[in-house]
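Student: I would like a close look at a single part of this model, and at how that part sits among its neighbours. Please keep the reasoning explicit, and bring in the surroundings once the part itself is clear.

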Amino acid sequence: MSDLVQLAGAGPSTELIFGDWYPALRASELRAGRMTKALLLGIPMVLGRKRDGSLFALRDMCPHRGIPLSAGWFDGERVTCKYHGWEFEPCGGRCEHIPSLTPHDTLEPTRVFAQAFPCQQRDGYAWVYVPEAGAGRSLSVELPPVPEVPKFSDRYRTAHLVADLPCNVDHGIIGLMDPAHGPFVHQAWWWRSRASIHQKAKQFEAIRDDLHRGRNAGFRMVAHAPSGNSAPYKLLGVYGEPITTTIDFVLPNRRYETIRCGPKWFASLTTVTPVTPSTCRIDVCAAWNVFYHVPLVKPIAMFFGKRFVAQDQQTMVEQAEGLRSNPALMLIDDADKPAKWYFALKQARLKGTGDHPLREPVTLRWRS
Ligand code: FES
Ligand SMILES: [Fe+2]
């Protein structure tokens, strides 16, 4: 966690959505023979990569007497606890060896398990499935697919950005979908200025997940020609093809943006992941084939992308100061309507009702 975030202190907690995939770490941080600690939904975890390349995520706690497994050793195959040397196969969590046992003991080590979480690599992240409390070890029955940045060609480039936020995941998410902060938080000559504010009207429709009682329900800002006042979209105009943008929000925490321009495309998946009930982290993974052969596009995109995310981060650090006293807040129409839908969808998911706040497509209007 950055110093910035620690300085600010955290605002109030919120209820978390368990039973889904969350990105825990960049997969590049995981090398065979090394363990890396992570905090996900308030759960201390230890992650690593076995010699065969497979990733694992364990609760960072020995089932024997509770010392963090990360304090011990990992040889690329087994995690050994520092305290009494119990050895665990880390993908399934099964104990393979208890050094203190003698032939007189009847305890079968393989009936002991450290808690292992399903862990998969996708788009450069180690995604971890965090089950509902009490789901036990029977969860191997049909997990939802690991989220992924959509890609529309074989060759593409990717980039990643990350920022810690000192607020709970709800504030991170509604900040992400907030259409009215752009001209104030993201003022820059290359993006847009306050003077360019104008009225917008965008159509939204429901994304339903009736099959799973709305577990990955959300809403879509229907494909539209992007706002003419932003420079990156003007750049895409060089291809001379019509440009469309689609933005999806899907529970629990995912924002997909897809920009298509003939055969050229840019797509991103932004997730806001609860680190604890009162702090979160934004991860952005972008993939594109636009300007594939133009040199320096990635460093330039990274430079502007980082500034953009840093502006949101700085704003939320300041906001966290106000949130610490847990004040009553306002959500206004139409600009905060997506935030209202998010809260309704989250409640529907937590209660398992499958209700959706969007009965039919609607047009929202705001100035930005
Ligand atoms: S606490 Fe881990 S082996 Fe005893
Ligand atoms: Fe923003």
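Tutor: A crossing of two helices is called right-handed if the near helix is turned clockwise from the far one by less than a right angle, and left-handed if it is turned anticlockwise. With that convention in hand, and bearing in mind that this is a predicted model, we can take helix α2, residues 169-176, as the part to examine. By this convention, α2 passes α5 in a right-handed crossing. The axis of α2 and that of α5 (residues 297-323) come within 11 Å of each other and cross at roughly 135°. Angles over 145 degrees would count as roughly antiparallel and those from 65 to 115 as roughly perpendicular, and α2 and α5 are therefore described as oblique to each other.

The residues that make this meeting are His171, Gly172 and Gly175 on the α2 side, and Asp312, Met316, Gln319 and Leu323 on the α5 side. Sorted by class, the contact of α2 with α5 consists of two nonpolar, four polar and one charged residues.

Burial gives a second view of the helix. α2 is mostly covered, since seven of its eight residues are buried, namely Val169, Asp170, His171, Gly172, Ile173, Gly175 and Leu176. The cover over these buried residues includes the strands β12, β16 (254-261), β17 (264-276) and β18 (279-288), together with the helices α5 and α6 (337-351).

Several of these covering elements border loops with features of their own. The loop between β15 (243-250) and β16 holds proline 252, and the peptide bond that joins leucine 251 to proline 252 is cis, with omega near 0°. In the loop between α5 and α6 lies aspartate 334, whose peptide bond from aspartate 333 is likewise cis, with omega near -10°. Such bonds deserve a careful look in general, because most peptide bonds are trans.

The loop between β11 (125-130) and β12 (157-165) is the place of valine 149. Valine 149 has 21 other C-beta atoms within 10 Å, and 20 or more is the condition for burial, so this residue counts as buried. Leaving aside residues up to four places away in sequence, valine 149 touches Asp123, Ala267, Ser268, Leu269, Cys285 and Ala287. The C-alpha atom of valine 149 also lies 7.5 Å from that of tyrosine 256, although 107 residues separate the two along the chain.

On the wider scale, the domain assignment divides the chain into domain 1 (20-130) and domain 2 (157-367), with 34 Å between their centres, taken over C-alpha atoms. Domain 1 gives 11 residues to the contact between them and domain 2 gives 12. On the domain 1 side, β1 (20-26) and β2 (35-40) are the elements that each supply two or more residues, and β1, with four residues, has the largest share. That side of domain 1 comprises six nonpolar, two polar and three charged residues.

Just beyond that region, leucine 41 is found in the loop between β2 and β3 (43-49), and its phi is positive, at about 50°, although it is not a glycine. Leucine 41 is buried, with 20 other C-beta atoms within 10 Å.

Technical notes: Residues are numbered from 1 along each chain as its sequence is written. Chains are lettered from A and ligands numbered from 1 in the order in which they are written. This is a predicted model: local features need pLDDT of at least 70, side-chain atom pairs count only at pLDDT 80 or more; totals for chains, interfaces and linings use all residues. Domain bounds come from an automatic or database domain assignment. Two residues are in contact if their C-beta atoms, placed from the backbone, lie within 7 Å. Ala, Val, Leu, Ile, Met, Phe, Trp, Tyr, Cys and Pro count as nonpolar, Asp, Glu, Lys and Arg as charged, and the others, Gly among them, as polar. A residue is buried if 20 or more other C-beta atoms lie within 10 Å of its own, exposed if 12 or fewer, and partly exposed in between; C-beta atoms are placed from the backbone. Axes are lines fitted to C-alpha atoms, for helices over the stretch in contact, and angles run from 0 to 180 degrees between N-to-C directions. Angles under 35 degrees count as roughly parallel, over 145 as roughly antiparallel, 65 to 115 as roughly perpendicular and the rest as oblique.
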